[in-house]
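Open the model in your viewer and keep the selection tool at hand. The stops below say what to select and what is there.

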Number of protein chains: 2
Amino acid sequence: MLSLNLRDSRPIYEQVRDGLRRLIITGAIPPGDKLPSVRTLAGQLAINPNTIQRSYEALEREGYAYSVPGKGSFAALPQDVTEKRRRELFGQLDAVVQELVYLGMGRAEIAKRCMDEGKEETQ
Amino acid sequence: MLSLNLRDSRPIYEQVRDGLRRLIITGAIPPGDKLPSVRTLAGQLAINPNTIQRSYEALEREGYAYSVPGKGSFAALPQDVTEKRRRELFGQLDAVVQELVYLGMGRAEIAKRCMDEGKEETQ
DNA sequence: ATAACTGTACTAGGACATATAGTACAATTA
DNA sequence: TAATTGTACTATATGTCCTAGTACAGTTAT
């Protein structure tokens, strides 16, 4: 499921956060489902529980998860995702498109890729 | 031109790197033009020259700039940008689109935004 | 030729983020 | 009751980031 690169420059808690977010948006973890407990996931990844907790706090700030003391942490509904997160995504999209255009890719090609994504994974 | 947030969590050398890359892809710094010298830019931004050098090294690894000892650093041609950088952009594009779709945005809307970008900047 | 610039490469040190280890407590579940 | 859950601390080690200073070779301007 989750893969870690301990020699990667990115902090572990960010890798875990992004990995869990990806599991959610791909449907691997449906909304409402329980996420692994802090200690369980820490054991599986062989890292400290505090690091996992930090990842969960970050996911909660984005609106992708919510935690209940004594019960566990769960995947939230797409509607609960923060507006701040959406603005971040739009900003990232614009920046990436602008750079791809500078590199010579046509806007039509980029738009086509946005439509066809999921059909063909290659290239 | 370049703006820095010293209280931002992102390292200064990354902010400078991204800022210069943006100046290049927006055409503010045309290909072949000279970038500010390490010491000059460091003086303008009131930071250490070593930090600027680190930003230039990063830009050079991406293919956005090249440096000549004694002469200076210059903006490269779009053709010289690394294939690695292009793959990074495609990966970022796919991830952003996938997340936006999960949040309920239609692929057609996303594609339209890719096409119209630059016309309307608002929202 | 001299002086001033350029990129580049070091050393050293401080400040800060990251990750670990350990402990503890209240709420929930078996 | 016992085990699990999220959460909150303290303390420590490590690495990154940034600064400061110095130095050297190549280029440019005077």
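Two residues are in contact if their C-beta atoms, placed from the backbone, lie within 7 Å. This is a predicted model, in which local features need pLDDT of at least 70 and side-chain atom pairs count only at pLDDT 80 or more, while totals for chains, interfaces and linings use all residues. Residues are numbered from 1 along each chain as its sequence is written, and chains are lettered from A and ligands numbered from 1 in the order in which they are written.

**Chains A and B**

Select both protein chains. The contact takes 23 residues from chain A and 23 residues from chain B. On the side of chain A that touches chain B, two or more residues come from each of α4 (83-102) and α5 (107-116) of chain A; helices (H or I, at least four residues) and strands (E, at least two) are DSSP runs, numbered from the N terminus. The largest share, eleven residues, is that of α4(A). By class, this side of chain A has 14 nonpolar, three polar and six charged residues (Ala, Val, Leu, Ile, Met, Phe, Trp, Tyr, Cys and Pro count as nonpolar, Asp, Glu, Lys and Arg as charged, and the others, Gly among them, as polar). The copies meet through the same surface, because 100% of the interface residues of chain A are also interface residues in chain B.

**The axis**

A turn of 179 degrees and a shift of 0.0 Å along the axis lay chain A on chain B with an RMSD of 0.1 Å (superposed by least squares on the C-alpha atoms of residues with pLDDT of at least 70 in both). The two copies are therefore related as by a two-fold rotation axis. Now select A:A111: of the residues of chain A, its C-alpha comes closest to the rotation axis, at 2.2 Å.

**DNA strand D**

Which residues are closest to DNA strand D? Select A:S37, A:S67, B:I12, B:N48 and B:G70, the closest of the 22 residues that surround the strand. A residue is near a strand if its C-beta atom, placed from the backbone, lies within 6 Å of it. Elements giving two or more residues to this surface are α2 (38-45), α3 (49-62) and β2 (72-75) of chain A, with α1 (12-25) and α3 (49-62) of chain B. The surface near DNA strand D divides into eight nonpolar, twelve polar and two charged residues.

**DNA strand C**

Next, select A:I12, A:N48, A:G70, B:S37 and B:S67, the closest of the 22 residues around DNA strand C.
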